[in-house]
Amino acid sequence: MKKNEELALFIREQYETFIANKIKVSPSHSNRASSLGHPCAFYGFLNRAKWAEAKAPDTGLQKIFERGNMIEPVLRNLLRELGVHITAEQRPARWEFFQITGHFDGIIADSDRWGRIGVELKTTGNPVLANAKSGEEMRIIRPLGEKWFGQTQAYMIVGNFEMWLTVVLDVMGWNLNPIPIDLDLGYAETLLKRAEAINLAFKYWEENDIIPENAGEAHALGVPMLSDYKICRRCQHYGTSCFPSVTLGEGATVLADDELESDLNRRAELEVAAKEFKALDERIKSRVKFSGAEVIVGDHIIYNTTRTRASFDIPKEVKEQYRAEPTEYIETKFGSLKAEKEKEEAET
Ligand code: SF4
């Protein structure tokens with residue numbers, strides 16, 4: 001092996017070890033603001049009662065955490081360069097009565113100009129989240145956007161903020177997306193109620209040593225299990241302390257058809273080549289289109305023929321008169337279960 005290859009291998013291995021050494025599961029003695037908005041109330045209870053049994057993040061997820069940690073100071077400096085300063089970095093937030101704790105990234109300085117605005121710095125590879133323009137848009141992107149929104153509302157109610165700015169750096173396109181968020185009092189109150197319910201369930205568990213769900217009490221205590229495969233399969237308690245009856249592709253039609261499966265496998269193999277062909281075809285055409293009627297390159301001959309195409313410039317109002325009732329049709333798209341999981345991880 002050449003020295004540069006040896007060095008490349010050394011760095012690769014060192015990096016994987018560096019990431020693996022960062023993996024840990026920390027005890028949770030309170031309701032963390034960062035997880036209060038999780039779609040599942042029972043998750044919040046398990047975070048406190050069963051944190052020791054929770055699955056540790058895998059290296060893929062840990063890399064995403066490290067990305068956030070490493071980019072946060074970069075983002076802070078970038079904002080400073082843009083004339084926006086953040087004070088009170090990593091400010092603790094705590095509401096003893098509801099046992100809610102957390103640390104938010106800071107407060108926008110220059111309150112005379114901007115008012116009192118709390119700030120959270122985030123990174124994402126999720127293109128939808130990277131383009132959300134409001135808290136409402138962020139909230140409907142499950143589960144991460146919903147979790148961020150909940151976290152923000154928890155910080156706002158605990159820290160007594162009415163205005164917030166979550167600054168999202170899109171790590172794919174390197175776009176900066178500051179999202180203004182207002183306190184949603186109704187929603188924030190549901191978070192407080194959830195915290196109260198988790199506190200009750202936790203007390204029940206401490207006194208009886210029984211997980212409320214196993215005693216059929218989770219609903220009564222207000223911490224029901226969500227049981228949604230899309231959320232559960234990424235949950236650190238799935239299969240350790242929580243066993244919801246959910247299965248992959250729940251509700252999907254499963255076909256055991258070898259011929260169809262083999263056609264789909266072949267289609268997936270050809271898809272990459274087809275995409276490459278299309279991109280090449282477009283690139284070549286754009287380069288030779290105006291080079292003459294016949295163009296020779298090596299052994300290739302390209303014909304550029306000028307043709308005419310009939311078109312009708314119909315005024316919009318006339319066209320509207322012929323608009324028919326919409327009809328339903330079926331659009332067929334293809335995916336892969338493995339790729340779907342990998343995509344979800346990459347977009348976190
Ligand atoms: S596995 Fe599902 S139901 Fe159980 S705590 Fe996690 S999200 Fe909730």
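## A predicted fold, from contacts to single residues

Let's start with who touches whom. Among the contacts in this protein with a separation of 6 or more, 64% join residues that sit 24 or more positions apart. Keep in mind that you're looking at a predicted model.

### The whole protein

What is the chain built from? The protein has 13 helices and 10 strands. Its radius of gyration is 27 Å, while the globule rule gives 20 Å for 348 residues, so the protein is more spread out than a compact globule. If you follow the C-alpha trace along its principal axes, it spans about 85 × 70 × 60 Å.

How is the protein divided? There are two pieces to find: domain 1 covers 8–232, and domain 2 covers 258–306. Taken over C-alpha atoms, the centres of domain 1 and domain 2 are 46 Å apart.

Now for the surface. The protein exposes about 23500 Å², and carbon and sulfur atoms supply 54% of that area. Buried residues, meanwhile, make up 34% of the 348 residues. As for charge, you can count 45 positive and 54 negative side chains, with the centres of the two sets lying 4 Å apart.

### Helix α3, a covered helix

Zoom in on helix α3, residues 41–49. This helix is mostly covered, and nine of its nine residues are buried. The list includes Phe-42, Tyr-43 and Phe-45, but also Asn-47 and Arg-48. What do the buried residues of α3 pack against? Their partners are β1 (31–32), α2 (33–36), α8 (144–159) and α9 (185–208).

Leu-46 is a good residue to click on in this helix. Its relative accessible area is 1%, and buried means under 20%, so Leu-46 counts as buried. Leaving aside neighbours within four places in sequence, Leu-46 is in contact with Trp-51, His-237, Ser-241 and Cys-242. You can also look for Val-223: it is 177 residues from Leu-46 along the chain, yet the two C-alpha atoms are separated by 9.9 Å.

### Two residues with a positive phi

Next, try a pair of loop residues. Trp-174 has a positive phi although it isn't a glycine, and Asp-209 is also a non-glycine with a positive phi. Here's where to find them:

| Residue | Phi | Loop |
|---|---|---|
| Trp-174 | about 55° | between β7 (163–170) and β8 (176–182) |
| Asp-209 | about 55° | between α9 and α10 (229–232) |

Is Asp-209 buried or exposed? Its relative accessible area is 62%, and exposed means over 50%, so Asp-209 counts as exposed. Set that beside Leu-46 in helix α3, where the value is 1%.

Key
Residues numbered from 1 in each chain as written. Predicted model: local features only at pLDDT ≥ 70, side-chain atom pairs only at ≥ 80, totals over all residues. Heavy atoms only, no water. Helix = DSSP H or I, 4+ residues; strand = E, 2+ residues; numbered from the N terminus. Rg over C-alpha atoms; globule rule 2.2 N^0.38 Å. Buried < 20%, exposed > 50% of the residue type's maximum accessible area, 1.4 Å probe, protein only. Contact = heavy atoms within 4.5 Å. Areas by Shrake-Rupley, 256 points an atom, 1.4 Å probe, with all protein chains shown as cover. Lys, Arg positive; Asp, Glu negative; His and termini not counted. Charge placed at Lys NZ, Arg CZ, Asp CG, Glu CD. Domains from an automatic or database assignment.
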